[in-house]
Amino acid sequence: MDRLTRRRSLAAIAAVATGTFASRVLAEAFPSRPLHIVVPFPPSGTTDYVTRLVAAELVAAFGQPVIIDNKPGAGTVVGVDAVAKAAPDGYTLVTVANSFAANETLVKKLPYDGHKDLRPVALMGKSDHVLATFPGSGFTTLAELAAFARKNPGKLSFASFGNGTSAHLSGEMLRLQLGLDMVHVPYKGQAPALTDLLGGQVSMMFGNWPEFRPQIQAGKLVAIGMATLRRTAYAPGVPTLAEQGAPIESNSWNGLLAPAATPPDIVAGLNAEVVKALRAPVIVAAFEKGELTSLASTPAQFAAFLGEEETRYAKVVREAHIRLDA
């Protein structure tokens with residue numbers, strides 16, 4: 001049984017075990033108190049931003065406060081584990097990103113089972129990545145960067161938001177595709193990594209375009225290439241890495257999970273309100289301004305997406321021979 005089939009089967013079993021009558025009773029009274037959303041990253045960056053945008057709409061829809069709890073640590077494992085062990089009543093959710101899918105293969109022993117302990121609620125948004133360096137590096141193209149790395153093995157470093165994050169795995173993709181010897185430097189979030197990149201303490205980084213764009217436009221960072229297969233409408237003048245010989249597609253996505261035994265009716269209700277929130281004019285405008293992409297989905301579509309992401313990252317983790325302890 002593949003991961004996607006297993007995830008769907010577990011969701012179906014949980015739905016039957018909960019009981020239709022009980023879930024309907026819970027759903028009718030839900031929510032009667034504040035909701036908590038754990039963000040396993042520091043209070044900055046795209047994931048935190050999107051979560052807070054959606055949370056504001058949920059407050060208006062439910063008439064209850066939505067408390068954001070930033071709980072970074074261990075490549076998001078700390079925050080995810082807290083929700084995996086929370087009461088399955090719909091009041092505690094976690095915003096996950098690429099690292100959730102990568103950790104299934106990357107982390108030697110997770111304190112939770114990503115398939116049995118959590119269930120998808122809804123995808124939210126996506127931010128494309130750009131590979132950038134600081135002006136003093138002397139690099140303006142991928143060819144220049146690769147040539148230096150080959151002549152000076154181990155001298156270049158790439159920063160990330162943390163072990164197992166999209167920025168980490170993207171750097172590994174680049175290293176594998178071009179056969180480069182580079183050093184990974186993990187940080188606790190994008191903000192501190194970006195600070196060190198601006199200061200030249202690290203050589204390069206895959207980062208979210210919305211946060212990197214102002215620095216690139218101000219000349220404080222140099223865009224080596226977009227991690228998209230085709231040039232984007234919001235950065236038409238920035239070549240893709242694919243154009244330069246490294247077809248890497250990298251981004252930061254985010255979505256909500258709930259404890260696995262959360263009643264299906266509550267999950268469906270939460271999903272409906274998240275999808276509605278993503279269509280709200282204020283969020284549509286914020287996404288357009290921030291050059292983010294909406295990923296509104298059903299729980300089943302999110303489950304399928306997670307299966308695809310797990311497979312994609314598992315290949316990188318194995319080829320790069322990366323393994324971490326939780």
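In this predicted model, D48 and R52 join their side chains in a salt bridge, with an N to O distance of 2.9 Å. Both residues belong to helix α3 (residues 45–62), and because they sit four residues apart there, about one helical turn separates them. D48 is buried, at 5% relative accessibility. R52 is partly exposed, with a relative accessible area of 37%.

**Salt bridges**

How many salt bridges does the structure hold? The count is ten, and three of these pairs, including D48 and R52, are listed here.

| Acidic residue | Basic residue | N to O distance |
|---|---|---|
| D48 | R52 | 2.9 Å |
| D128 | K126 | 3.9 Å |
| E291 | R213 | 3.0 Å |

In the pair formed by D128 and K126, D128 counts as buried at 11% relative accessibility. K126 is partly exposed, and its relative accessible area is 22%.

The side chains of E291 and R213 also meet in a salt bridge. E291 is placed in the loop between α11 (281–290) and β10 (293–294), while R213 is in helix α9 (residues 209–217), so this salt bridge ties together parts that are 78 residues apart in sequence. Are these two residues buried or exposed? E291 is buried, with a relative accessibility of 18%, and R213 is buried as well, at 19%. The cut-off for buried is under 20% relative accessible area.

**The largest pocket**

The volume of the largest pocket is about 160 Å³. Its lining consists of 16 residues, and those nearest the centre of the pocket are A74, G75, F161, Y187 and K188. By residue class, the lining of this pocket is made up of eight nonpolar, seven polar and one charged.

**The cavity**

One cavity of 30 Å³ or more is counted in the model. The space in the largest cavity comes to about 160 Å³. Which residues lie nearest its centre? They are F41, T46, T47, F161 and N208, out of 17 residues that line this cavity.

Helix α3 and helix α5 (98–106) each contribute at least two residues to the lining of the largest cavity. The most comes from α3, which gives four residues. This is also the helix that carries D48 and R52.

The lining of the largest cavity divides into four nonpolar, twelve polar and one charged residue. F161 is listed among the residues nearest the centre of the largest pocket and also among those nearest the centre of the largest cavity.

Notes: Residues are numbered from 1 along each chain as its sequence is written. This is a predicted model: local features need pLDDT of at least 70, side-chain atom pairs count only at pLDDT 80 or more; totals for chains, interfaces and linings use all residues. Side-chain values use heavy atoms; hydrogens and water are left out. A salt bridge is a side-chain nitrogen of Lys or Arg within 4 Å of a carboxyl oxygen of Asp or Glu. Buried means under 20% relative accessible area, exposed over 50%, partly exposed in between (1.4 Å probe, protein chains only). On a 1 Å grid over the protein atoms alone, a cavity is a set of points where a 1.4 Å probe fits but cannot get out, and a pocket is an open set with protein on both sides within 12 Å along at least five of seven lines; lining residues have an atom within 4 Å of a point. Grid points are joined across faces, edges and corners, and a volume is the space filled by probe spheres set on the points. Ala, Val, Leu, Ile, Met, Phe, Trp, Tyr, Cys and Pro count as nonpolar, Asp, Glu, Lys and Arg as charged, and the others, Gly among them, as polar.
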